[in-house]
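Subject: A structure for you to look at

Hello,

Here is the structure I promised to pass on. Have a look at it first, and then read my notes below.

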Amino acid sequence: PRLVILGTGWASARLAQDLDMSKYHLTVISPRNHMVFTPLLASTTVGTLDFRSVTVSMRNIQPGLNQAKNSYYQAKALEVNPEEQVVLCKSRDGRKFEVGYDELAICTGAQGSTFGIPGVEKYA
């Protein structure tokens with residue numbers, strides 16, 4: 001089956017890592033091609049760690065992404081059509097395209113809360 005994973009966070013990284021690649025054709029769709037180890041982010045801001053130390057490429061997490069039958073798209077998922085089993089995506093250059101799936105894992109994470117504090121979204 002064609003498995004599409006949306007996102008490159010903790011859930012998607014774990015799912016991709018644990019997949020038996022002999023059973024799936026994998027496609028990962030995310031604006032980022034890496035997973036960020038968030039607990040160590042604070043150490044990067046003070047110089048204890050280099051920012052490259054807290055990111056891991058999805059191709060390293062799941063080496064099967066390097067095989068021709070599998071794909072990674074650096075894009076945003078705009079819409080899921082479950083009836084037609086397609087995801088509408090938008091690439092970084094603005095091009096829209098569809099990706100078909102048999103199984104879909106939505107691992108896009110959560111949106112942080114600003115607690116209504118003025119200026120947080122603009123300056124954070």
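Let me start with one residue: Asp20 is partly exposed, with a relative accessible area of 34%. Its side chain meets that of Lys23 in a salt bridge, at 3.9 Å from N to O. Lys23 itself is exposed, at a relative accessible area of 53%. Please keep in mind as you read on that this is a predicted model.

Now for the overall picture. The protein has 124 residues, and 30% of them count as buried. It contains four helices and eight strands, and their order along the sequence is β-α-β-β-α-β-α-β-β-β-β-α. The C-alpha trace spans about 45 × 30 × 25 Å along the principal axes of the protein. If you take the contacts between residues at least 6 apart in sequence, 51% of them join residues at least 24 apart.

On the outside, the protein exposes about 8,200 Å², and carbon and sulfur atoms supply 51% of that area. As for charge, there are 13 positive and 11 negative side chains. The centres of these two sets lie 8 Å apart.

How many salt bridges does a search of the whole structure find? The search finds three, and one of them is the pair of Lys23 and Asp20 described above.

Another joins Arg14 and Asp18, whose closest N and O atoms are 2.7 Å apart. Both residues belong to helix H1, which covers residues 10-18. Because they are four residues apart in that helix, about one helical turn separates them. Arg14 counts as exposed, at 52% relative accessibility.

There is also a salt bridge between the side chains of Asp102 and Arg2, with an N to O distance of 3.4 Å. Asp102 lies in the loop between E7 and strand E8 (103-106), whereas Arg2 is in strand E1 (residues 2-6), so this pair ties together parts that are 100 residues apart in sequence. Are these two partners buried, exposed or something in between? Asp102 is partly exposed, with a relative accessible area of 37%, and Arg2 is partly exposed too, at 38%.

Next, a patch to find on the surface. Arg32, Lys76, Lys90 and Lys96 form a positive surface patch. Among them, Lys96 sits in strand E7, which runs over residues 96-100. Lys96 is exposed, with a relative accessible area of 55%.

For a contrast with that exposed lysine, turn to Thr27, which is in strand E2 (residues 25-30). Thr27 is buried: its relative accessible area is 12%, and the cut-off for counting as buried is under 20%. Which residues does Thr27 touch, leaving out those up to four places away in sequence? Its contacts are Leu3, Val4, Ile5, Ser71, Tyr73 and Val99. Of these, Leu3, Val4 and Ile5 fall within strand E1 (residues 2-6), where Arg2 of the salt bridge with Asp102 is also found. Val99 falls within strand E7 (residues 96-100), the strand that holds Lys96 of the positive patch.

If you would like a place to begin in the viewer, try Thr27 and its contacts, and then go on to the pair of Asp102 and Arg2.

Best wishes

How values were computed. Residues are numbered from 1 along each chain as its sequence is written. This is a predicted model: local features need pLDDT of at least 70, side-chain atom pairs count only at pLDDT 80 or more; totals for chains, interfaces and linings use all residues. Side-chain values use heavy atoms; hydrogens and water are left out. Patches are made of residues with over 30% relative accessible area and no salt bridge: like charges are joined within 9 Å, nonpolar side chains (Val, Leu, Ile, Met, Phe, Trp, Tyr) within 5 Å. Accessible areas come from the Shrake-Rupley method with a 1.4 Å probe; for residues, only the protein chains shown count as cover. A salt bridge is a side-chain nitrogen of Lys or Arg within 4 Å of a carboxyl oxygen of Asp or Glu. Lys and Arg count as positive and Asp and Glu as negative; His and the chain ends are not counted. The place of a charge is taken as NZ of Lys, CZ of Arg, CG of Asp or CD of Glu. Helices (H or I, at least four residues) and strands (E, at least two) are DSSP runs, numbered from the N terminus. Buried means under 20% relative accessible area, exposed over 50%, partly exposed in between (1.4 Å probe, protein chains only). Contact means heavy atoms within 4.5 Å.
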